[in-house]
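Hello,

Here is the structure I promised to pass on to you. My notes on its salt bridges and its nonpolar packing follow below.

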Amino acid sequence: MFRGMTFSIVARSDDGESWGVAVASKFLAVGSAVPAAAAGVGAIATQADANIAYKYLGLAHLDEGATAQVALDRLVEEDDGREHRQAGIVDSDGNAATWTGSECFAWAGGTTGRSGERGGYAIQGNILTGPEVVEAMERAWLTSGEQSLERRLLAALAAGDEAGGDSRGRQSAGLLVVREGAGYGGHDDVAVDLRVDDHEAPVTELARLVDLNELYLTASTPEEQVPIDDTLMFELETLAKADGKESFHMWVGSENYEMRVGEGARPAWIDQRILDIIRGTSPEQQS
């Protein structure tokens, strides 16, 4: 049974389009145990002496129309081990609820709130250095409203980590974000599903993976798209062949940049970052 010292944030984005969970713990692979979310339904974190069934039962209650508080009330009322549990839930409307059982190891507690017109959050932790962890996470959440949900969740997690985090150290972290049609190729709703299972600086490593996730698995915005005319196409083909590929189309596939280049052998556009990469002028290549 999962019994880790853990801090997490469960939230709905201010625009009401995304739901997610970020979590860190002195426990192996916390991202495999704590978070669950479904687009248009809500999100949940279950921790402390975690009842993993909360994830599936909680989402089922939300899907049936229960609010976050009603869903959480049902979970703890039906659980004889409720005083050892900790959980946070946000529903389809951004309502949030948190529970900390009386037997959770100190420091343990949580908070909830609304943000923007449609957003909401629940923050909770146990075996923390103190309430300052939850307070720092809430401040980070409330002051990062211009960012994407995944970035806001990561900012809150990093703030909690910097404020002291888990009183017994660091080991793992996870981030889950869902949004309708946001998955790879638009075929599912999983925008971000990343885990750092065993690392001396798991939140820092998670931030690196979020950057990679954005590059490889997030579609370019119109502002990031550079039109490809005949001159640029010739340059791209030349650079790809210089890199040992038969064509630019083959280069894109081999480097896994399909989400950031237009479709086909003669794409209509290329993401500015990918253009910088193939030209060897990206900031990472220059450093």
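Let me begin with one pair: Glu 214 and Arg 151 join their side chains in a salt bridge, with N to O at 3.4 Å. Please keep in mind that this is a predicted model. The two residues come from distant parts of the chain, 63 residues apart: Glu 214 sits in helix H5 (residues 202-217) and Arg 151 in helix H4 (residues 149-162). Glu 214 is partly exposed, at 27% relative accessibility, and Arg 151 is also partly exposed, with a relative accessible area of 21%.

This pair belongs to a network of salt bridges that links Arg 151, Asp 211, Glu 214, Glu 224, Arg 260, Asp 271 and Arg 273. Over the whole structure, the search finds 17 salt bridges.

Two further pairs may interest you. Within helix H5, Glu 205 and Arg 208 are three residues apart, about one turn of the helix, and they form a salt bridge whose closest N and O atoms are 2.7 Å apart. Is Glu 205 buried or exposed? Glu 205 counts as buried because its relative accessibility of 18% is under the 20% cut-off. Its partner Arg 208, at 44%, is partly exposed.

The other pair is Arg 279 with Glu 235, where the closest N and O atoms are 2.8 Å apart. Here too distant parts of the chain are linked, 44 residues apart, with Arg 279 in helix H8 (residues 272-279) and Glu 235 in helix H6 (residues 230-242). Both partners are partly exposed: Arg 279 has a relative accessibility of 39%, and Glu 235 has 26%.

Now to the packing. In soluble globular proteins, nonpolar side chains tend to be buried together. The largest nonpolar core in this model has 29 residues, and those with the most contacts inside it are Ile 9, Leu 153, Leu 157, Leu 175 and Leu 206. Among the elements that give two or more residues to this core are strands E2 (6-12), E3 (18-25) and E9 (119-125), along with helices H3 (132-142), H4 and H5. H4 supplies the largest share, five residues.

Ile 9 is a good place to start looking. Leaving aside neighbours within four places in sequence, its contacts include Val 21, Ala 22, Tyr 121, Ile 123, Met 137, Trp 141, Leu 153 and Ala 156. Another core, of 17 residues, lies apart from the largest one, and Val 226, Leu 236, Phe 248 and Val 261 are among its members.

Best wishes

Notes
Residues numbered from 1 in each chain as written. Predicted model: local features only at pLDDT ≥ 70, side-chain atom pairs only at ≥ 80, totals over all residues. Heavy atoms only, no water. Salt bridge = Lys/Arg side-chain N within 4 Å of Asp/Glu carboxyl O. Helix = DSSP H or I, 4+ residues; strand = E, 2+ residues; numbered from the N terminus. Buried < 20%, exposed > 50% of the residue type's maximum accessible area, 1.4 Å probe, protein only. Core = buried A, V, L, I, M, F, W, Y, C linked by side-chain atoms within 4.5 Å. Contact = heavy atoms within 4.5 Å.
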